[in-house]
Amino acid sequence: MELKPIRTEAEHAEALADIERLWDAPEGSADADRLEVLAMLVEAFEKAHFPIEAPDPISYLEYIMDVRGLTRKDLEQYIGPRGRVADIMNRTRPLSVTMIRRLCAGLGLPADVLIQPYALREPIAA
């Protein structure tokens with residue numbers, strides 16, 4: 001395959017096959033250089049044709065809690081008292097900038113995910 005921008009699904013499939021064939025190329029070899037360039041071309045094609053949206057901040061927090069074995073109680077030091085954590089996780093209150101900063105610093109979470117807009121539920125009338 002000639003090295004050129006990937007424009008079609010067929011070219012994409014061909015590039016992936018070449019990448020698989022070159023995967024174990026010795027470092028510093030011409031095949032390794034070709035592998036690196038093919039990987040960049042595939043990445044550019046996939047970003048343009050198969051974009052991945054940033055996750056919803058609350059869904060992301062739920063995922064992090066599940067993966068790390070955290071509870072809502074564990075979030076209190078970053079978000080605030082139990083009721084505030086419940087409001088955030090139940091989507092009746094948005095994350096504040098202060099909460100996002102604490103979550104980023106304390107749990108090592110990416111701010112660009114947590115600042116994404118997300119839908120809130122209507123508060124339940126008392």
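Leu103 sits in helix α6, and in this predicted model its relative accessible area is 0%. Anything under 20% counts as buried, so Leu103 is clearly on the buried side. Which residues does Leu103 touch, once those up to four places away in sequence are set aside? The list runs Leu61, Leu75, Tyr78, Ile79, Leu95, Gly108, Leu109 and Leu114. Arg68 gives you a sense of distance here: 35 residues separate Arg68 from Leu103 along the chain, and their C-alpha atoms are 14 Å apart.

**The core around Leu103**

Leu103 belongs to a bigger story. The largest nonpolar core of the protein holds 21 residues. Leu103 is among those with the most contacts inside this core, together with Leu75, Ile79, Leu95 and Leu114. Which helices supply at least two residues each to this core? They are α3 (57-68), α4 (72-79), α5 (82-89), α6 (97-107) and α7 (111-114). There is a general habit behind this sort of grouping: in soluble globular proteins, nonpolar side chains tend to be buried together.

Take Leu75 next. Apart from residues up to four places away in sequence, Leu75 touches Met65, Gly80, Val85, Met89, Leu103 and Leu107. So much for the big core; there is also a second, separate one, made of eight residues, including Ile6, Leu35, Val42 and Phe45.

**Two residues in a loop**

Now look at the loop between α5 and α6, where you will find Leu95. Is Leu95 buried or exposed? With a relative accessibility of 11%, Leu95 counts as buried, even though its place is in a loop. Setting aside neighbours within four places in sequence, Leu95 has contacts with Pro57, Ile58, Leu61, Ile79, Ile88, Ile100, Leu103, Leu114 and Tyr118. The Ile79 partner is 16 residues from Leu95 in sequence, with 8.0 Å between the two C-alpha atoms.

Arg91 lies in the loop between α5 and α6 too. Arg91 is a charged residue type by name, yet at 14% relative accessibility it counts as buried. Its backbone deserves a glance as well: the phi angle of Arg91 is near 65°, a positive value in a residue that is not glycine.

**Over to the other helices**

His12 is part of helix α1 (residues 9-22). With a relative accessible area of 8%, His12 is buried. Its contacts, again without residues up to four places away in sequence, are Ile6, Val42, Phe45, Glu46 and Phe50. Three of those names may ring a bell: Ile6, Val42 and Phe45 are among the residues of the second core.

Ala48, in helix α2 (residues 30-49), tells another tale. Ala48 has a relative accessible area of 58%, and the exposed label starts over 50%, so Ala48 is exposed. Ala48 and Tyr78 are 30 residues apart in sequence, and their C-alpha atoms are 36 Å apart in space.

Asp87, in helix α5, falls in between: at 28% relative accessibility it counts as partly exposed. Asp87 touches Thr92 and Arg93, not counting residues up to four places away in sequence. From Asp87 to Val67 you count 20 residues in sequence and 22 Å in space, C-alpha to C-alpha.

Here are some of the C-alpha distances side by side:

| Pair | Apart in sequence | Apart in space |
|---|---|---|
| Leu95 and Ile79 | 16 residues | 8.0 Å |
| Leu103 and Arg68 | 35 residues | 14 Å |
| Asp87 and Val67 | 20 residues | 22 Å |
| Ala48 and Tyr78 | 30 residues | 36 Å |

**Stepping back**

How many helices and strands does the whole protein have? Seven helices and zero strands, which read along the sequence as α-α-α-α-α-α-α. The C-alpha trace spans about 65 × 30 × 20 Å along its principal axes. The radius of gyration is 22 Å, whereas a compact globule of 126 residues would come out near 14 Å.

Of those 126 residues, 29% count as buried. The accessible surface is about 8,600 Å², and carbon and sulfur atoms own 54% of that. Among contacts with a separation of 6 or more, 56% link residues 24 or more positions apart. As for charge, there are 15 positive and 22 negative side chains, and the centres of these two sets are 14 Å apart.

Note on methods
Residues are numbered from 1 along each chain as its sequence is written. This is a predicted model: local features need pLDDT of at least 70, side-chain atom pairs count only at pLDDT 80 or more; totals for chains, interfaces and linings use all residues. Side-chain values use heavy atoms; hydrogens and water are left out. Helices (H or I, at least four residues) and strands (E, at least two) are DSSP runs, numbered from the N terminus. The radius of gyration is taken over C-alpha atoms; the globule rule is 2.2 Å times the number of residues to the power 0.38. Buried means under 20% relative accessible area, exposed over 50%, partly exposed in between (1.4 Å probe, protein chains only). Contact means heavy atoms within 4.5 Å. Accessible areas come from the Shrake-Rupley method with a 1.4 Å probe; for residues, only the protein chains shown count as cover. Lys and Arg count as positive and Asp and Glu as negative; His and the chain ends are not counted. The place of a charge is taken as NZ of Lys, CZ of Arg, CG of Asp or CD of Glu. A nonpolar core is a set of buried Ala, Val, Leu, Ile, Met, Phe, Trp, Tyr and Cys residues joined through side-chain atoms within 4.5 Å.
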